[in-house]
Amino acid sequence: EGCVGPESQMAGKAASCAGCPNQKNCASGKGVVDPAVEMVQEAFKNVKHTILVLSGKGGVGKSTIASQIAWGLADMKKEVGVLDIDICGPSMPRMMGVEEEEVHKSGSGWSPVMAEDNLAVMSVGFMLQKKDDAIIWRGPRKTGLIKQFLTDVDWGEIDYLVVDAPPGTSDEHISIAKLLAKVDIDGAVIVTTPQEVALLDVRKELNFCKKTKIPILGVVENMARFSCPKCKHESKIFPPISGGAIQMCKDMGVPYLGSVPLDSSLLESCEKGVSFLATHPNSPATSSLRSLVERVAGNRPTETPAMEVEETKSASPESKNLKALLEQLSCVEALPKDVALASKEQILKVISMLKKAVA
């Protein structure tokens, strides 16, 4: 917070430098140029596009979105790499179906594990002796491993590198921002869920990107709604009390990349390590994810879609609450006729009244 940067004349001397472990290095000039920055630039010369997948909040489905972006790009016949820098909670080996594989080192560096012929994966998860081993590392050691991942992995020539970062704005994020300073990255996809508890931290992530000059490709709202597998009616499990990601994007002036509905089949695909896009082509979530991949693929940040923002303009809080309740009750309409008929008739009367109230 408030870092002036190692290149500044006030490096190590500004008030915000107090307490920073790098204060002495910055003040002496040792921190001005990290040789690893040049090494990363050289290592990335054959990587055409770099996409960071970030989230301020844990549990919003960041790794799920990152994995499906990678699968989607691979489906487009692109050469794709996935770099998992979530050191303490690596998920990519399982989500990409390569949990039992190991990385190998050669004269050209570490060889990533191949999930498909055109889809490579690198993660600290491959280096654990046991899957349940805890990684208890301080910041410098995490930074050292990230440097190795960025400089020593032999990706070959690839079209896209998808970087799955841990939630928050801590050591890993600072390291990746500094080490990629001379790499022409496409930008960051920020993942959130609709509720304000998640949006609070996502706003911090967006401000982090702005301060570190990481381009923002946009925000994707995960688990935005639930589609009933029986009646196909959609309801909002996490009500967007403050307007959700759409309103946040409008307020902060960042692009909105769309929403992805909650689908248990998506979780199942990630658990099995297969492409949800390929195994469930007709799911509403697949349509949303395909749209996300198309927006992300090779694109620089664009304006927030006006039609998406339009949804939040006129509804009052009372109307929003009534609509949320109505959506939850509407599944009753799909119940069989012989199920709790009296109760169903009463609930249908309530639905009818609510429809008039929100009309």
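Biologist: What makes the contact between the side chains of R94 and E99 a salt bridge?

Modeller: Happy to start there, keeping in mind that this is a predicted model. The cut-off is a Lys or Arg side-chain nitrogen within 4 Å of a carboxyl oxygen of Asp or Glu. For R94 and E99 the N to O distance is 3.0 Å, so the pair qualifies as a salt bridge.

Biologist: Why does R94 count as partly exposed?

Modeller: Buried means under 20% relative accessible area, exposed means over 50%, and partly exposed is what lies in between. R94 has 39% relative accessibility, so partly exposed is the right label.

Biologist: And why is E99 called partly exposed?

Modeller: E99 comes out at 27% relative accessibility. That value lies between 20% and 50%, so E99 is partly exposed.

Biologist: What makes E196 and R203 a salt bridge?

Modeller: Their closest N and O atoms are 2.7 Å apart. The limit is 4 Å, so this pair counts.

Biologist: Why is R203 partly exposed?

Modeller: R203 has a relative accessible area of 24%, and buried would need a value under 20%, so R203 is partly exposed. E196, with 25%, is partly exposed by the same cut-off.

Biologist: How do you know that E172 forms a salt bridge with K142?

Modeller: Their closest N and O atoms are 3.3 Å apart, and the criterion asks for within 4 Å, so this pair passes too. The two residues belong to distant parts of the chain: E172 is in helix α6 and K142 in helix α5, 30 residues apart.

Biologist: Are E172 and K142 buried or exposed?

Modeller: Both E172 and K142 are buried. In total, the structure holds 14 salt bridges.

Biologist: Let's turn to the strands. What makes β6 mostly covered?

Modeller: Strand β6 spans residues 119-123, and five of its five residues are buried. Each of them is therefore under 20% relative accessible area. L119, V121 and S123 lie on one side, with A120 and M122 on the other, so that both faces are covered.

Biologist: How do you know that β2 and β6 pair?

Modeller: Two strands pair if there are at least two bridges between them. Strand β2, residues 80-84, shares five bridges with β6 in the parallel sense, so the condition is met. Within this pairing, G81 stands opposite A120.

Biologist: What makes β5 and β6 a pair?

Modeller: Strand β5, residues 113-116, has three bridges to β6, against a minimum of two, so they pair, here in the antiparallel sense. V113 has V121 as its bridge partner in β6. β5 and β6 form a hairpin, with two residues between them.

How values were computed
Residues are numbered from 1 along each chain as its sequence is written. This is a predicted model: local features need pLDDT of at least 70, side-chain atom pairs count only at pLDDT 80 or more; totals for chains, interfaces and linings use all residues. Side-chain values use heavy atoms; hydrogens and water are left out. Buried means under 20% relative accessible area, exposed over 50%, partly exposed in between (1.4 Å probe, protein chains only). Helices (H or I, at least four residues) and strands (E, at least two) are DSSP runs, numbered from the N terminus.
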